[in-house]
Amino acid sequence: MSHREMVYVQQCKDANGFDKIILRELRGFSAEVYLYGGQVMSWKNELGEELLFVSSKANFKHPKSIRGGIPICFPQFSNLGSLEHHGFARNKFWTLDPNPPPPTTSNSRAFIDLILKNSEDDTKSWPHRYEFRLRIALGPTGDLMLTSRIRNTNTDGKSFTFTFAYHTYFYVTDVSEVRIEGLETLDYLDNLKNKERFTEQGDAITFESEVDKVYLSTPTKIAIIDHERKRTFVLRKDGLPDAVVWNPWDKKAKTISDFGDDEYKHMLCVQAACVEKSITLKPGEEWKGRQEISAVPSSYFSGQLDPRKVLFH
């Protein structure tokens, strides 16, 4: 297919009537983004293999949040405040910018800008004016890039404060055969132990029970290695110092209504976030937080005595 024939951005509706945008690249990579929640719901490689997890029991009904893909947590992560869990951005209908500015740092043709602004509904619980611009771009080699720009548009001189996360659900073959590299020896807050602070011990992180940790002062690159599929996800981030790692495991999974009892085996959330220290914007100020995820064969990392030498140049 030639560049001229290729449709890089296509808008349509899903089976539930939700508007979605499909991004495609020449070699067969694709991503699907819902206007509801500004949420990436699918990311596929050139073989058509799904790389993100979406629960078979996910709710596709407003105002429910959708379990899977990449939910946007704003202006509150988790229960760190008085708002609803993970904030309201993931439960809002975003608008598509019909004339987004062209990319300056990539040659991606498959990109969109989504916009969320304050509404009267928000002001009851969060009385601030803001503009949230989310760029979602699919690179020529299948990398998926999300760039958030949040601006304080208050006219009353008031600052506002928020926490944030890209709540990415990676699809994995068997979570007990997955390891994460890049978070070794770091401090973390354990949400299963009342947010008590610990230091990660030992080598790469593996999974054999429920985990819900906020790693602090994390590197800009993290690797999630799926041994069975011989695939490595590389997460690169900027402006997001924390990394949240979550898997509910078997007992917790059974208590989550929009999550299958055994689905914990096939997912792992690794979330680029700003949680420990909230962000404060004065009127007119803008914050930017970026995440880029790619999927590469694990052989790309093999043959190294210390895999971190590949990850952290």
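Student: Which ring does the charged end of Lys-213 sit over?
Tutor: The ring of Tyr-188, with the charged end 4.3 Å from the ring's centre. Keep in mind that this is a predicted model.

Student: OK. And what about Lys-92, which ring is under its charged end?
Tutor: That one is Phe-88. Here the charged end of Lys-92 is 5.6 Å from the centre of the ring.

Student: Does Phe-88 turn up anywhere else? Which cluster is it in?
Tutor: Ring pairs tie Phe-88 into a cluster whose members include Phe-74, Trp-94, Trp-126, Tyr-130 and Trp-287. Phe-160, Phe-162, Phe-164 and Tyr-166 are also among them.

Student: How many aromatic pairs are there in the whole structure?
Tutor: A search of the whole structure turns up 28. Take Phe-18 and Phe-93: their ring centres are 6.2 Å apart and their planes meet at 50°, so this pair counts as tilted.

Student: Where do Phe-18 and Phe-93 sit along the chain?
Tutor: In distant parts, 75 residues apart. Phe-18 is in the loop between strands E1 (9–13) and E2 (19–24), while Phe-93 is in the loop between strands E5 (72–73) and E6 (95–96).

Student: Is Phe-18 buried or exposed?
Tutor: Phe-18 is buried, because its relative accessible area is 8% and the cut-off for buried is under 20%. Phe-93 is partly exposed, at 46%.

Student: Got another pair for me? What about Phe-53 and Phe-259, how far apart are their ring centres?
Tutor: They are 5.8 Å apart, and the planes are at 55°, so that pair is tilted. It also links distant parts of the chain, 206 residues apart. Phe-53 lies in the loop between strand E4 (39–44) and E5, and Phe-259 lies in the loop between helix H2 (249–253) and strand E20 (267–281).

Student: Are those two buried or exposed?
Tutor: Phe-53 is buried, and Phe-259 is buried as well.

Student: New topic: pockets. What volume does the largest pocket have?
Tutor: About 570 Å³. It is lined by 28 residues, and the closest to its centre are Ser-78, His-85, His-86, His-167 and Trp-246.

Student: Which strands supply at least two residues of that lining?
Tutor: Strand E16 (211–215), strand E19 (242–247) and E20 each do. E20 gives the largest share, with 3 residues.

Student: And how do the lining residues divide into nonpolar, polar and charged?
Tutor: There are 11 nonpolar, 10 polar and 7 charged residues in the lining of the largest pocket.

Methods: Residues are numbered from 1 along each chain as its sequence is written. This is a predicted model: local features need pLDDT of at least 70, side-chain atom pairs count only at pLDDT 80 or more; totals for chains, interfaces and linings use all residues. Side-chain values use heavy atoms; hydrogens and water are left out. Rings of Phe, Tyr and Trp (its six-membered ring) pair if their centres lie within 6.5 Å; planes under 30 degrees apart count as stacked, over 60 as edge-to-face and the rest as tilted. Helices (H or I, at least four residues) and strands (E, at least two) are DSSP runs, numbered from the N terminus. Buried means under 20% relative accessible area, exposed over 50%, partly exposed in between (1.4 Å probe, protein chains only). A charge sits over a ring if NZ of Lys or CZ of Arg is within 6 Å of the ring centre and within 35 degrees of the ring normal. On a 1 Å grid over the protein atoms alone, a cavity is a set of points where a 1.4 Å probe fits but cannot get out, and a pocket is an open set with protein on both sides within 12 Å along at least five of seven lines; lining residues have an atom within 4 Å of a point. Grid points are joined across faces, edges and corners, and a volume is the space filled by probe spheres set on the points. Ala, Val, Leu, Ile, Met, Phe, Trp, Tyr, Cys and Pro count as nonpolar, Asp, Glu, Lys and Arg as charged, and the others, Gly among them, as polar.
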